[in-house]
Amino acid sequence: MGLLSNRVERSEIKPGDHIYTYRAVFTYSHHGIFVGGSKVVHFRPERNLNSGTGSSSNSDLYDSRFSLPSSCSTFPDCGFTQRNSGVVLSCLDCFLGKGSLYCFEYGVTPSVFLSKVRGGTCTTATSDPPEMVIHRAMYLLQNGFGIYDVFRNNCEDFTLYCKTGLLITDKQGVGRSGQASSVIGAPLAAILSSPLKLLMPNPVGVATVTAGMYCMSRYATDIGVRTDVIKVAVEDLAVNLGLPGPDEEVADNGASNQLIAL
């Protein structure tokens, strides 16, 4: 993976990797955890679960147009999900659609993070071991990840949690998603730098300052440097997300692990 692109080949990814692909001509990216066996666990808005409208109260600019095919010729279990849950198991082909494959970077240095023009590609936080990452993903496939929200609980938030186990304690602020931080950070940087236009007639200087503010706003919300994050075991996640208690959860996690097999 280089400075300008995190694009990889299928042969390069390993179980436990955080992968993503761009949609709608690079307008947004969709993230998931590769669990092996050409399978990906990912999080999307709930659709057609309680009604036949095909829409969600939490539709968003990232994933509102993403949907699984009604049938998959490669894997019969592609599209597996529990009722009232947005966590889905799909094959790699259906996850990517017509998009290319990219791999999210963990444990990058602050200088590398700030050099990335686009959010949602890396974090300074370190990843947990692959077996722990896969355990979290498969557990959440059975038990859900709460209600989808574009700014506080989206597909990137899901994968970041699976990789790190870190959860935001400030439920009123932006989530872990670097993509959401970019959406907020860009207009904020433009607003904050507007007064400089009166003091700095050189447009290049204003653009430089604006870009710097944008990068710093993204860095400040990165889970690797935030102070409002805590490590939460996936078995205790229901309490933090306001999900049903253990008695109401699906207990058959062994069956979900079998879905990884080819």
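## A guided tour of the chain

With the whole protein chain in view, you are looking at a surface of about 12,500 Å², of which carbon and sulfur atoms supply 59%. Keep in mind as you click around that this is a predicted model.

**Start with the whole chain.** Colour by secondary structure, and you can pick out nine helices and seven strands. Now colour by accessibility: the chain has 262 residues, and 50% of them count as buried. How do the contacts relate to the sequence? Taking contacts between residues at least 6 apart in sequence, 67% join residues at least 24 apart.

**Next, select residues 130-143 and 155-164.** These are helix H3 and helix H4, in that order. Their axes lie 7 Å apart, and the two helices pack at an angle of about 135 degrees. H3 and H4 are therefore oblique to each other, since an angle must be over 145 degrees to count as roughly antiparallel. If you turn the view, you can follow H3 as it passes H4 in a right-handed crossing.

Show side chains here. Which residues make the contact? On the H3 side, select Val 133, Arg 136, Ala 137 and Leu 140. On the H4 side, select Phe 158, Tyr 161, Cys 162, Lys 163 and Thr 164. Coloured by chemical type, the residues of this contact between H3 and H4 come out as six nonpolar, one polar and two charged.

**Now move to Asn 240.** You will find Asn 240 in helix H8, which covers residues 237-241. Is Asn 240 buried, exposed or partly exposed? Its relative accessible area is 25%, so Asn 240 is partly exposed; buried would need a value under 20%. Add Leu 167 to the selection and draw a C-alpha to C-alpha distance: Asn 240 and Leu 167 are 8.5 Å apart in space, with their positions 73 residues apart in sequence.

**Finish with two loop residues.** A little background helps here: most residues other than glycine have a negative phi.

- Select Ala 24, in the loop between strand S1 (18-23) and strand S2 (28-36). Its phi is near 50 degrees, a positive value in a residue other than glycine. Ala 24 is partly exposed, at a relative accessible area of 31%.
- Then select Ser 38, in the loop that runs between S2 and strand S3 (39-43). Ser 38 is not a glycine either, yet has a positive phi of about 60 degrees. With a relative accessible area of 31%, Ser 38 is partly exposed.

Definitions and conventions
Residues are numbered from 1 along each chain as its sequence is written. This is a predicted model: local features need pLDDT of at least 70, side-chain atom pairs count only at pLDDT 80 or more; totals for chains, interfaces and linings use all residues. Side-chain values use heavy atoms; hydrogens and water are left out. Axes are lines fitted to C-alpha atoms, for helices over the stretch in contact, and angles run from 0 to 180 degrees between N-to-C directions. Helices (H or I, at least four residues) and strands (E, at least two) are DSSP runs, numbered from the N terminus. Angles under 35 degrees count as roughly parallel, over 145 as roughly antiparallel, 65 to 115 as roughly perpendicular and the rest as oblique. A crossing is left-handed if the near helix is turned anticlockwise from the far one by less than a right angle, and right-handed if clockwise. Contact means heavy atoms within 4.5 Å. Ala, Val, Leu, Ile, Met, Phe, Trp, Tyr, Cys and Pro count as nonpolar, Asp, Glu, Lys and Arg as charged, and the others, Gly among them, as polar. Buried means under 20% relative accessible area, exposed over 50%, partly exposed in between (1.4 Å probe, protein chains only). Accessible areas come from the Shrake-Rupley method with a 1.4 Å probe; for residues, only the protein chains shown count as cover.
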